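Here's a small set of exercises to work through with the model open beside you. Try each task yourself before you read its solution.

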Amino acid sequence: MAIGVFDSGVGGLTVHRELTRRFPDRDFVYLADQANAPYGGRGGEEIVELTRAGCERLFEAGANVIVLACNTASAIALRRLQQTWVPGARARHGRPINVLGIIVPTIEAATGLPWTFEAERRGEKIEAIDITGVFCTAATAMSRVYEIEIDKRREDLAVFSEPCPGLAGLIELGAPAEELKVVVEDHVDSLRRRIGRHPDQAILGCTHYEIVADLFAAALPAGTPVIHQPTAVADALSRYFERHPEYDLGGSGRRDFLTSGKAGPQSDLVAQFWGAPLTFTPA
């Protein structure tokens with residue numbers, strides 16, 4: 001049995017790496033749907049079906065809890081899968097299983113409040129508003145999940161999402177750092193121009209972007225707080241397992257890496273981020 005981590009490509013490795021640090025003895029199986037990456041420009045129904053198929057493959061590989069290390073899948077597919085598909089999958093596999101996302105932990109980290117908290121609306125004037133900038137895929141931006149969920153909890157936080165079409169694909173292909181630097185700087189400046197100033201904090205709302213987090217940090221004003229999803233997800237998963245001891249997560253430290261795309265070594269960019277060459281096997 002294992003913890004499953006799913007993404008459309010290699011971006012989810014940023015979450016996977018932090019989870020293996022937090023749970024070094026647990027077994028992990030990672031699945032990258034590289035045959036269909038990136039998800040950001042796809043339609044909602046297609047994203048739901050691709051995510052469902054990826055989760056089923058991970059359950060077949062022995063995962064008991066799957067983390068959708070993909071903002072697009074978490075924003076578009078997660079709730080529907082949890083409500084309409086997971087109960088049947090649990091019965092078919094005959095063991096405790098679940099699918100979790102990464103947006104809830106991110107919003108908790110950005111607001112400093114638990115997911116269950118909802119602000120009381122008193123109609124009072126807000127004296128000071130901080131701005132949170134969310135760099136994300138087009139599909140995540142269109143879902144408005146960050147705007148909606150943060151506003152429920154913090155009236156003093158305004159959210160502006162900056163869709164970055166094509167950036168995840170460039171990272172997936174291992175584009176040169178200089179090319180990525182220009183794209184990141186353009187999006188940071190685009191957000192600045194839209195809101196009239198730089199944000200007070202930023203969310204890297206696509207796990208691919210964590211691979212180039214240093215480029216975002218350099219493009220933003222020095223000292224701008226950045227919400228890092230891998231840390232937020234690992235913190236939330238620790239709390240989840242404390243509440244749910246029924247999951248068998250293995251204890252041999254196994255690490256499997258699967259892909260629906262071309263098996264073999266990943267790009268030099270991924271190897272640099274991971275700290276060593278990384279090879280995927282066929283899913």
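**Exercise 1. Find the loop that holds Pro38, then look at the peptide bond before it.**

Step 1: Pro38 sits in the loop between β2 (28-32) and α2 (44-60). Helices (H or I, at least four residues) and strands (E, at least two) are DSSP runs, numbered from the N terminus.

Step 2: Now check the bond that joins Ala37 and Pro38: this peptide bond is cis, with omega at about -5°.

A quick word on ground rules. You're looking at a predicted model, where local features need pLDDT of at least 70 and side-chain atom pairs count only at pLDDT 80 or more, while totals for chains, interfaces and linings use all residues. Residues are numbered from 1 along each chain as its sequence is written, and side-chain values use heavy atoms, with hydrogens and water left out.

**Exercise 2. Work out where Arg144 is and what its phi looks like.**

Step 1: Go to the loop between α6 (138-143) and α7 (145-153); that's the place of Arg144.

Step 2: Arg144 isn't a glycine, yet its phi is positive, about 55°.

Step 3: Is Arg144 buried or exposed? Neither, quite: its relative accessible area is 45%, so Arg144 is partly exposed. The cut-offs are under 20% for buried, over 50% for exposed and partly exposed in between (1.4 Å probe, protein chains only).

**Exercise 3. Explore the largest nonpolar core, then follow Leu19.**

Step 1: A nonpolar core is a set of buried Ala, Val, Leu, Ile, Met, Phe, Trp, Tyr and Cys residues joined through side-chain atoms within 4.5 Å. In soluble globular proteins, nonpolar side chains tend to be buried together.

Step 2: The largest core here has 52 residues, and those touching the most other members are Leu13, Leu19, Phe135, Tyr209 and Phe216.

Step 3: Pick Leu19 and skip its neighbours within four places in sequence: Leu19 is in contact (heavy atoms within 4.5 Å) with Val5, Phe28, Val67, Val233, Ala234 and Leu237.

Step 4: There's also a second, separate core of 26 residues, with Leu50, Phe59, Ile66 and Leu78 among them.

**Exercise 4. Track down the salt bridge between Glu18 and Arg22, and see what else is linked to the pair.**

Step 1: A salt bridge is a side-chain nitrogen of Lys or Arg within 4 Å of a carboxyl oxygen of Asp or Glu. The count by this rule is 17.

Step 2: For Glu18 and Arg22, the N to O distance is 3.5 Å.

Step 3: Why are these two about one helical turn apart? Because they are four residues apart in helix α1 (residues 13-22).

Step 4: Compare their surroundings: Glu18 counts as buried at 17% relative accessibility, whereas Arg22 is partly exposed at 30%.

Step 5: Widen the view, and you'll find Glu18, Arg21, Arg22 and Asp235 linked in a network of salt bridges.

**Exercise 5. Check the salt bridge between Arg42 and Glu46.**

Step 1: Their side chains meet at 2.5 Å, N to O.

Step 2: Arg42 is partly exposed at 26% relative accessibility, and Glu46 is partly exposed with a relative accessible area of 38%.

**Exercise 6. Do likewise for Asp156 and Arg154.**

Step 1: The side chains of Asp156 and Arg154 form a salt bridge at 2.7 Å, N to O.

Step 2: Asp156 is partly exposed, with a relative accessible area of 27%, and Arg154 is partly exposed with 21%.
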